[in-house]
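Please open the model in your viewer with the backbone drawn as a cartoon, and keep the selection tool at hand for a short walk along the strands.

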Amino acid sequence: MAKLVQVAVAILIRPNGEYLLASRPDGKGWAGWWEFPGGKIEAGETPEHALIRESQEELGITPTKIQPWIKRRYDYAATHDAEAKTVLLHFFFVSEWRGELQAREGQQFAWQHPQKLNVSPVLPANAPIMQALSLPSVYAISNVQKMGEHAFLQALRKQLDQGLQLLQIREPQLDKHNLTQLSTKVLSLCAPYDCRCLLNGSPEQAMQLGYQGVHLNSQRLMTMMTKPDNLLIGASCHDAGQLQKAQALLDFALLSPVLPTRSHPEEPGLGWEKFGEMLNGLEIPVYALGGMQLEHLAHAQACGARGVAMQRAIWI
């Protein structure tokens with residue numbers, strides 16, 4: 001039986017969104033492979049203490065702003081230079097630290113943009129995390145039906161100026177002509193900002209209108225058999241079965257409702273504890289939806305979510 005090794009892992013993030021990868025030094029298993037820096041949690045240590053100690057020993061820095069994120073279990077088969085083992089990785093966002101980075105173990109460093117990875121090979125246990133990091137922490141959903149088109153486009157421009165990178169157009173009340181007109185305006189507005197736009201509809205409709213992706217409702221998700229090429233695809237999920245279907249086929253998912261919403265105030269929502277339980281072990285990025293505000297982002301990420309999705313609060 002493979003031994004279990006618990007590891008604290010640091011995702012060092014710069015203000016521009018780049019994160020740090022380090023190569024495994026000579027003399028260690030998987031030497032030359034790239035990974036997020038970190039190390040083994042010793043007996044009697046908390047993951048946070050191990051993270052700080054390993055950062056000091058390996059990188060020459062002391063983390064000062066730490067946000068616990070997800071845990072991932074991965075089974076490594078034996079290789080010519082490493083024994084079989086199971087690792088339980090405790091990932092932390094580290095956005096502030098003291099000191100200057102030093103390669104204290106002779107490793108190489110590379111700051112990477114989430115969507116433009118240019119080092120390889122990457123340790124297998126890190127791959128799902130990189131997929132999650134390729135998506136932004138905030139997913140905006142349009143609200144033209146309540147706001148009106150003019151007010152929505154003004155609010156969208158403001159959010160783009162503030163860094164919005166992922167947008168879903170969800171306007172079921174629009175006929176084909178009006179949806180085409182709105183889509184033309186939105187896509188033109190978003191293009192200079194490299195904000196990816198998804199249409200809540202069918203893959204065929206999204207491609208026809210020029211969207212970079214499509215967002216599926218739970219009914220479309222459960223009938224999909226294969227993932228269309230060349231589209232970023234997400235889906236709305238409300239139970240474990242839908243999450244498993246999304247993980248098998250899609251790029252990411254929304255799980256809702258987490259908290260009571262303005263449209264359904266009588267429904268209590270999943271609550272944070274249940275939300276975290278449903279995400280445990282998933283390897284697909286998930287956004288929390290339902291009653292979300294920007295202030296909920298850290299809590300959602302601590303539960304294992306990539307971030308929060310908002311339809312109303314983001315446009316205020």
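Begin by selecting V7 together with K40, since in this predicted model V7 stands opposite K40 in strand 4. Then widen the selection to strand 1, residues 3-12, and to strand 4, where you will find the two running antiparallel and joined by 3 bridges.

Next, bring in the rest of this sheet, which is open, has 4 strands in the order 4-1-6-5, and shows mixed pairing. At its edges select strand 4 (38-40) and strand 5 (62-76), each of which has a single partner strand, so that one side of each is left without a neighbour in the sheet. If you then look at how neighbouring strands of this sheet lie against each other, they are turned by 20° on average, with direction ignored.

Now move further along the chain and select strand 8 (residues 138-141) with strand 15 (residues 307-310), a parallel pair that is joined by 3 bridges. Within this pair, pick Y139, whose bridge partner in strand 15 is A309.

Keep strand 15 selected and add strand 14, residues 286-289, which also runs parallel to strand 15 and is joined to it by 3 bridges. Which residue of strand 15 is the bridge partner of Y287? Selecting Y287 leads you to G307 as its partner there. To finish, trace the chain from strand 14 through helix 10, residues 297-302, and on to strand 15, a path that forms a right-handed β-α-β crossover.

Methods:
Residues are numbered from 1 along each chain as its sequence is written. This is a predicted model: local features need pLDDT of at least 70, side-chain atom pairs count only at pLDDT 80 or more; totals for chains, interfaces and linings use all residues. Side-chain values use heavy atoms; hydrogens and water are left out. Two strands pair if DSSP finds at least two bridges between them. A crossover is right-handed if, with the strands pointing away from the viewer, the path from the first strand over the helix to the second runs clockwise. Axes are lines fitted to C-alpha atoms, for helices over the stretch in contact, and angles run from 0 to 180 degrees between N-to-C directions.
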